[in-house]
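Here's a quick briefing to read with the structure open beside you. We'll start at a turn and work outwards from there.

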Amino acid sequence: MAVRFDEVQVGTELPAQSFPVTRATLVQYAGASGDFNPIHWNEKFALEVGLPDVIAHGMFTMAEAARVVTDWVGDPAAVVEYGVRFTKPVVVPNDGVGATIEVTAKVAALLEDNRVRVDLVASSAGQKVLGMARAVVRLS
Amino acid sequence: MPLDPSFIGRTYPPTEPYEVGREKIREFAAAIGDANPAYTDAEAAKALGHPDVIAPPTFPFMLSFRAAAQVVNDPELGLDYSRVVHGDQKFAYTRPVRAGDRLSVTVSIDAIKSLAGNDVLTVRGEVEDASGEHVVTSIMTLVARAADEAGEE
């Protein structure tokens, strides 16, 4: 069920979502993406390079944030632009619980050709982890 | 030593084609926990007007990152990859990546800046299909942190 351009306005909120992240999530993402940087799975290595603990792949966080947009529009092909800045790491402790990435988003601008700009906010442990997180989406 | 700004505008040869498999898309979608049927069910993708299953929006990063190895490992550029972090990432799509695509990536260095002693390198990857049609542009900023005061440089 597609979102129609005439149904949204500046300020329209997309349904917010929370995404759990455990060490197992990161190992699975490492395998699927081919990014085996040890800061994402090796605590000893992460500490040695000055990180507080193992951290999530930035691209994993970017992928989770995108789901708030693609779940809203239905057809992922509606996303015509998507960009983020990686401002803070998502720290994933090995405590059986892990971390949570909370994502909210709202329509920030109405553009030509039934497109809208969606601004996203992603945070973990109370800190914003992405900056300038924006998607341009073509609605029907 | 700061990176040589004369590398701005340098373009590297296109990569060998990467063939996008349905099962690779399924594996990637599972890894990000995304159950959107357009990624796994060809009929659902067709109902949306796609010829086959499509890939999630961040999937093309795998290709553009591999292609960027040409820049990262260019001995003439001399980037110290052990100091590099991913600063930001942008995608601009002509169409989604889909199963069966044979994609090649042409990377260029768009910018080299020095900010607070850090080298900031902007690498653009143009992803094209086998017929040479544009699929997606991936722009990543790599930040090479300055050598710290521990006397490593």
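Let's start with a hairpin: S3(A) and S4(A) form one with four residues between them, and Asp113(A) in its turn has a positive phi of about 55°. Keep in mind that this is a predicted model, and that the predictor gives the complex an ipTM of 0.97 and a pTM of 0.95.

**The S3-S4 turn**

- Asp113(A) sits in the loop between S3 and S4 of chain A, and its phi, near 55°, is positive even though the residue is not a glycine.
- What is unusual about a positive phi here? Most residues other than glycine have a negative phi.
- Is Asp113(A) buried or exposed? Asp113(A) is exposed, because only 12 or fewer C-beta neighbours are needed for that label and Asp113(A) has 8 other C-beta atoms within 10 Å.
- Asn114(A), also placed in the loop between S3 and S4 of chain A, has a positive phi of about 60° and is not a glycine either.
- Asn114(A) counts as partly exposed, with 14 C-beta neighbours inside 10 Å.

**S4(A) and its partners**

- S3(A), residues 99-110, runs antiparallel to S4(A), and eight bridges join the two strands.
- One of the pairs across S3(A) and S4(A) puts Lys106(A) with Asp119(A) as its bridge partner.
- S6(A), residues 130-138, also pairs with S4(A) in the antiparallel sense, over five bridges; there, Val116(A) stands opposite Val137(A).
- S5(A) covers residues 127-128 and pairs antiparallel with S4(A) over two bridges, with Gln127(A) as the bridge partner of Ser124(A).
- S4(A) and S5(A) make a hairpin too, with two residues between them, and Ala125(A) in that turn has a positive phi of about 50°.
- Which residues of S4(A) are on its covered face? They are Val116(A), Val118(A), Leu120(A), Ala122(A) and Ser124(A).
- The uncovered face of S4(A) carries Arg115(A), Arg117(A), Asp119(A), Val121(A) and Ser123(A).
- So Asp119(A), the partner of Lys106(A), belongs to the uncovered face, while Val116(A) belongs to the covered one.

**The nonpolar core**

- The largest nonpolar core has 80 residues, and the members touching the most others are Ala65(A), Val69(A), Val118(A), Leu120(A) and Ile25(B).
- Helix H3 of chain A, residues 58-73, brings the largest share of this core, with ten residues.
- Two of those well-connected members, Val118(A) and Leu120(A), are on the covered face of S4(A).
- What does Ala65(A) touch, leaving aside neighbours within four places in sequence? Its contacts are Val84(A), Val103(A), Leu120(A), Ala122(A), Leu130(A) and Ala133(A).
- As background, nonpolar side chains in soluble globular proteins tend to be buried together.

**Where the chains meet**

- Chain A and chain B put 26 residues each into the contact.
- On the chain A side, helix H1 (23-33), H3 and strand S2 (79-86) each supply at least two residues.
- H3(A) gives the most to that side, nine residues.
- By class, the side of chain A that touches chain B has 15 nonpolar, six polar and five charged residues.
- Strands cross the boundary as well: S2(A) and S2(B), the latter at residues 84-93, pair antiparallel over five bridges.
- Within that strand pairing, Arg85(A) stands opposite Asp88(B).

**Chain A as a whole**

- Chain A has three helices and six strands, in the order β-α-α-α-β-β-β-β-β along the sequence.
- Its C-alpha trace spans about 50 × 30 × 25 Å along the principal axes, and 41% of the 140 residues of chain A count as buried.
- Among contacts in chain A with a separation of 6 or more, 65% link residues 24 or more positions apart.
- An unreviewed UniProt entry places the feature "domain: MaoC-like" at residues 11-107 of chain A.
- Over residues 11-107, chain A is 34% helix and 27% strand, with the end C-alpha atoms 5 Å apart.

**Confidence in chain B**

- Chain B averages a pLDDT of 93, and 95% of its residues score at least 70.
- Residues 149-153 of chain B are another matter: pLDDT stays under 50 there, and the model has two contacts beyond four places in sequence for this stretch.

Definitions and conventions
Residues are numbered from 1 along each chain as its sequence is written. Chains are lettered from A and ligands numbered from 1 in the order in which they are written. A nonpolar core is a set of buried Ala, Val, Leu, Ile, Met, Phe, Trp, Tyr and Cys residues joined through C-beta atoms within 7 Å. A residue is buried if 20 or more other C-beta atoms lie within 10 Å of its own, exposed if 12 or fewer, and partly exposed in between; C-beta atoms are placed from the backbone. Two residues are in contact if their C-beta atoms, placed from the backbone, lie within 7 Å. Ala, Val, Leu, Ile, Met, Phe, Trp, Tyr, Cys and Pro count as nonpolar, Asp, Glu, Lys and Arg as charged, and the others, Gly among them, as polar. Two strands pair if DSSP finds at least two bridges between them. UniProt positions are given in the numbering used here, feature names are shortened, and annotations may be inferred rather than shown by experiment. pLDDT is the predictor's confidence in each residue, from 0 to 100.
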